[in-house]
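The report that follows treats a helix pair, the turns around it and a buried core, in that order.

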Amino acid sequence: MMKSLFIILASVLSYPLLAQSCESRGPNVILLTLDGVRSYEFFHGTALSHGLELKLRDQGRIFKKLWSNHAQDGMVLGAHKNYKIASSVAVSLPSYQALMLGRATACKDNHCPPVQQETVLEHVKRSMGLEKKEVAAFASWEGLSSAVAMNKDQITHGIFPDIFNDERADASMVSLQQKALLDLPSWKESRKDKYTFELGMEYLKKHCPRLLYISLVDSDEYGHAKDYPGYVNSLRTYDDYIDQVIQTLKGLGTYGSQTTLIVTTDHSRGKGPLWIGHAYTPDSEKHVFLFAHGRGVKPVGQSRQKAGHQNIRPTIEYLMGLAPSGEILPNVQVD
Ligand SMILES: [Zn+2]
């Protein structure tokens, strides 16, 4: 009796591991962007000027898991104003378009037309002859529809408010998106990040994409709502998310060890009381951070080398084995 119970228990416990196995078909990249995260909070933690808005126990370092467990195994840029966005304006859509193209576009606000040239997602898919399901983008904010692709139907996309339902008719992913539409945040044009992240993670585990982009926005919205505790809370959640991605990849065998994670933001925020906006000072909000981890990233921890969003596209191309269309990030090298 005990022995058969043990066998049943062992098979039940091992099931999730089996269900999460990914076949490795070569290098993979996951790009994660967190909207409007100020470098101060990323590098140092909560700002002293917000002491009265936070309980004592909620003050201090924010990205605790990243700094304690992952930063030294990867690379962090930006602590010395050495990492900038590629757009000439610190506004979301121009910045996302520049990130996706590897250079600034004519876009100057959140209402400009969609990208007119092939993005890194489309380029990788076409050049490598990948299937649609192998390149996927999930975004909380609808604006990403104008940045991820010239023709987003070329790639798998789950961008608010679309209900993505591809040829696999994945019922659980469809219901997750429907649930998000019934539980909208107080701000417009977006779904809550928790749904977008869950969609991205479910897609990662089920479909093992070669190139996955997850775009989150709660942080910027709490900022504009002047809600510092809400902003800090969203950043703590992002710290958990980054840790979850790294832990998940560790459990995905060769697929996981063949994957590079890149995390950044589209723009910083203003100093002091200007934190609620993007500030639009000559350049402070254009200085942002980048964290890279996994295949091809040298474990240098914080680096003072200079780089910017224009280096992300070439780096993804390089990591995927394509000829990079520009300079790649420092401390990235594959054998
Ligand atoms: Zn904003």
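In α6, the residues Ser 172, Met 173, Leu 176, Gln 177, Lys 179 and Ala 180 meet Tyr 195, Glu 198, Leu 199 and Glu 202 of α7, where a contact requires C-beta atoms, placed from the backbone, within 7 Å, and where helices (H or I, at least four residues) and strands (E, at least two) are DSSP runs numbered from the N terminus. The residues of this contact divide into five nonpolar, two polar and three charged, with Ala, Val, Leu, Ile, Met, Phe, Trp, Tyr, Cys and Pro counted as nonpolar, Asp, Glu, Lys and Arg as charged, and the others, Gly among them, as polar.

The model is a predicted one, in which local features need pLDDT of at least 70 and side-chain atom pairs count only at pLDDT 80 or more, while totals for chains, interfaces and linings use all residues. Residues are numbered from 1 along each chain as its sequence is written.

Two residues other than glycine have a positive phi, as tabulated here.

| Residue | Phi | Loop |
|---|---|---|
| Glu 189 | near 70 degrees | between α6 and α7 |
| Lys 226 | near 60 degrees | between α8 (218-224) and α9 |

Glu 189 is partly exposed, with 15 other C-beta atoms within 10 Å; a residue is buried at 20 or more such atoms, exposed at 12 or fewer, and partly exposed in between. Lys 226, with 13 C-beta neighbours inside 10 Å, likewise counts as partly exposed.

The peptide bond from Phe 160 to Pro 161 is cis, with omega near 0 degrees, and Pro 161 has its place in the loop between β5 (156-159) and α6.

In α9, the buried residues include Tyr 228, Tyr 231, Val 232 and Leu 249.

Definitions and conventions
Contact = placed C-beta atoms within 7 Å.
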